[in-house]
Amino acid sequence: MKSLRHLRSFWKANQKIRCSSSTVNSEIDLQGKPFSEIPSLPALPILGASWHYMPIIGKYRIDEQHKANKEKRKRYGDIFREKIGKLDIVVTFSAEDMHEIYLNEGRDPFRVNFESVVAYRKSRPHWYSTAGVVSSHGEEWRELRFKTQEYILKPAAALWYLEPFRDVSEEFVRKLYVVRDSNDEVPNFLMELYKWNLESICLIGLNTRLGCLDTDLDEDSDGIKIINSVQTKFDCIIKLEAFSRNFQLWKYFSTPTWKKFVKCSDTFSEIAFKHINSALLNLEPYKEDHEKPSSFLQVLIKNKSLDVQDIMVVLADFLMAGIEATAHSIGFLLYHLARNPEKQDLLYKEIMSFLPTKDAKLINSNCYELKYLQACFKESLRLNPPVGGSARTLDRDIVLSGYIIPAGTLLTVPYQELFTQEKYCKEPLKFIPERWLKGDEDKPKPWSFLPFGFGCRSCMGRRLAELQIIRNFQVEYHLDDIGTKTMLVNSPDKPLRFNFIER
């Protein structure tokens, strides 16, 4: 649940949206049931519905939002309201509603940001000139995204960095051979995934190697410090933003969580900007017509509409945002393949057709021919989406699930509950990659699954790492089922204790 101060800021912004949208709405005669008739969670004075997540008196846990959403859907249906103060939050589990929201969000969608991140960055102007893509919204978000994302998302970019990605992935697999114990298990495998991902991000972002894959990596190294600071930072954001935890007291005095957040944010910023500055000093000119860029930085610096400070903030977000999301996605995919060995065998056969020997190299022309690997990733993302959902505030009235929703209402779509509904997908709780390779009638219904939040280059990195692991090892898992912990980035709720059996 969002903090009271955060929600008040939404409400104030929403009043402006309501006024600005009156002309648009007056031209449209929307047909539907009144907003007041939408099923609502029981609310208390001042606290609203947030008490449902409070210790002792509440029945839901903040880190188990997917379980809460499942129970709420059974009780209230595909749409309901959660009232926090003067702000109404509408939650929908409908693919049709998701489609309608996206059609009406406009070019400057108002997305949920994190006030703690914005406040910190405003206090550190020597590092941050903007809230960044992760924390901004509206026109500021659109401007920064427009100037940078085309270089991340355009298809050609996926192949620019194939060779460095491949080298890091091969180095990662070699390390797995070394660090396996007598049971063929890799101690703290998730941390090894974080190290691999950070090394990959620094290489393609800055053309810099941190040495994260060294077997004797020191705990005081920059790589370990970045990983630890990002994890601590994300944990603090959840507590600072959660209304039911501390009412955002950090806005009025320095709480222990705020101090911890500032300390780890300073650690991350100091190290990240040190390496970004170093990469800028060593940057070589990039001739777009004759060569591939050596890094994301080399491409961004050619964009005359971006100043150096903007580029540095974008790169800092690039380092921060991808460490956990990509690592967790690979962890969940390996789990599903280990639990479904027949699917893993099919994937191995496909990989062998392109890499018949362990020293064979994947080339550009092969990348998009790995259809079953792509299908496995989609299926894993469907079952375990890396983020909890999407949140938007529209500048016009809209009809969702038959109800008229006023402009300025915060609309949220929880992904995990949506993606696993039987009306949108056959046998929705089973890991069936084949559903993505068949005709449209076998695939999940339109708008019931979106490949969200991942650019082409990020997807390519995950594919290469997974490809190298399955090529070299039979992955097994023999312990309790792994579920989801809904934090800032969804994570496995148990250690990834896989057995890597050499093929």
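Trainee: Let's go straight to R396: buried, exposed or partly exposed?

Mentor: Keep in mind that this is a predicted model. R396 is partly exposed, because its relative accessible area is 25% and the partly exposed class starts where buried ends, at 20%.

Trainee: And which side chain meets the one of R396 in a salt bridge?

Mentor: Start with the general idea: side chains of opposite charge can pair when their charged atoms come close. Here the side chain of D395 meets that of R396, with 3.1 Å from N to O. D395 counts as partly exposed too, at 34% relative accessibility.

Trainee: Which residues do salt bridges with shared partners join into one network?

Mentor: Look for K70, R73, D78, E417 and K423; salt bridges that share partners join them into one network.

Trainee: How many salt bridges does the count come to?

Mentor: The count is 33 salt bridges. Take R61 and E64 as another case: their side chains meet at 3.9 Å, N to O. R61 is partly exposed, since its relative accessibility is 47%, and E64 falls in that class with 24%.

Trainee: What about K358 and E502, where do their side chains meet?

Mentor: They meet in a salt bridge, at 3.4 Å from N to O. K358 sits in the loop between α16 (341-354) and α17 (371-383) and E502 in strand β10 (residues 499-502), so this pair ties together parts that are 144 residues apart in sequence. As for cover, K358 is partly exposed at 35% relative accessible area, and E502 is partly exposed at 46%.

Trainee: Let's move to strands. Which way do L87, I89 and V91 point from β2, and which way do D88, V90 and T92?

Mentor: The general idea first: in a regular strand, side chains alternate between the two faces of the sheet. In β2, L87, I89 and V91 point one way, while D88, V90 and T92 point the other way. Every one of these is buried. You can read that off the whole strand as well: β2 spans residues 87-92, and six of its six residues are buried.

Trainee: In what sense do β1 and β2 pair, and over how many bridges?

Mentor: Strand β1 (residues 79-84) pairs with β2 in the antiparallel sense, over six bridges. To find the register on screen, start from I79, whose bridge partner in β2 is T92.

Trainee: And how many bridges join β2 to strand β6?

Mentor: Three, and these two strands run parallel, with β6 covering residues 410-414. Use V91 as your marker here: T412 of β6 stands opposite.

Trainee: Now the surface. Which residues form a negative surface patch?

Mentor: That would be D214, D216, D218 and E219. Pick E219 to get your bearings: it lies in the loop between α10 (189-206) and α11 (222-241). E219 counts as exposed because its relative accessibility is 59%, and exposed means over 50%.

Trainee: Which residues make the nonpolar surface patch?

Mentor: L249, Y252 and F253 make that one, and its area is about 330 Å². Y252 is in the loop between α12 (243-246) and α13 (256-281), and it counts as exposed with 53% relative accessibility.

Trainee: How about backbone angles? Which residue has a positive phi of about 50° although it is not a glycine?

Mentor: That's N188. You'll find N188 in the loop between α9 (162-179) and α10, where it is exposed at 53% relative accessibility. E427 is another case, a residue other than glycine with phi near 45°. E427 lies in the loop between α18 and α19 and counts as partly exposed, at 43%.

Trainee: One last feature. How far apart are the C-alpha atoms of W436 and A375?

Mentor: They are separated by 5.6 Å, although their positions lie 61 residues apart along the chain. W436 is in the loop between α18 (415-419) and α19 (456-472), and it is buried because its relative accessible area is 13%, with buried meaning under 20%. Try N228 and T267 next: they are 39 residues apart in sequence and 9.6 Å apart in space, C-alpha to C-alpha. N228 belongs to helix α11 and is partly exposed, with 32% relative accessible area.

Key. Residues are numbered from 1 along each chain as its sequence is written. This is a predicted model: local features need pLDDT of at least 70, side-chain atom pairs count only at pLDDT 80 or more; totals for chains, interfaces and linings use all residues. Side-chain values use heavy atoms; hydrogens and water are left out. Patches are made of residues with over 30% relative accessible area and no salt bridge: like charges are joined within 9 Å, nonpolar side chains (Val, Leu, Ile, Met, Phe, Trp, Tyr) within 5 Å. Accessible areas come from the Shrake-Rupley method with a 1.4 Å probe; for residues, only the protein chains shown count as cover. A salt bridge is a side-chain nitrogen of Lys or Arg within 4 Å of a carboxyl oxygen of Asp or Glu. Lys and Arg count as positive and Asp and Glu as negative; His and the chain ends are not counted. The place of a charge is taken as NZ of Lys, CZ of Arg, CG of Asp or CD of Glu. Helices (H or I, at least four residues) and strands (E, at least two) are DSSP runs, numbered from the N terminus. Buried means under 20% relative accessible area, exposed over 50%, partly exposed in between (1.4 Å probe, protein chains only). Two strands pair if DSSP finds at least two bridges between them.
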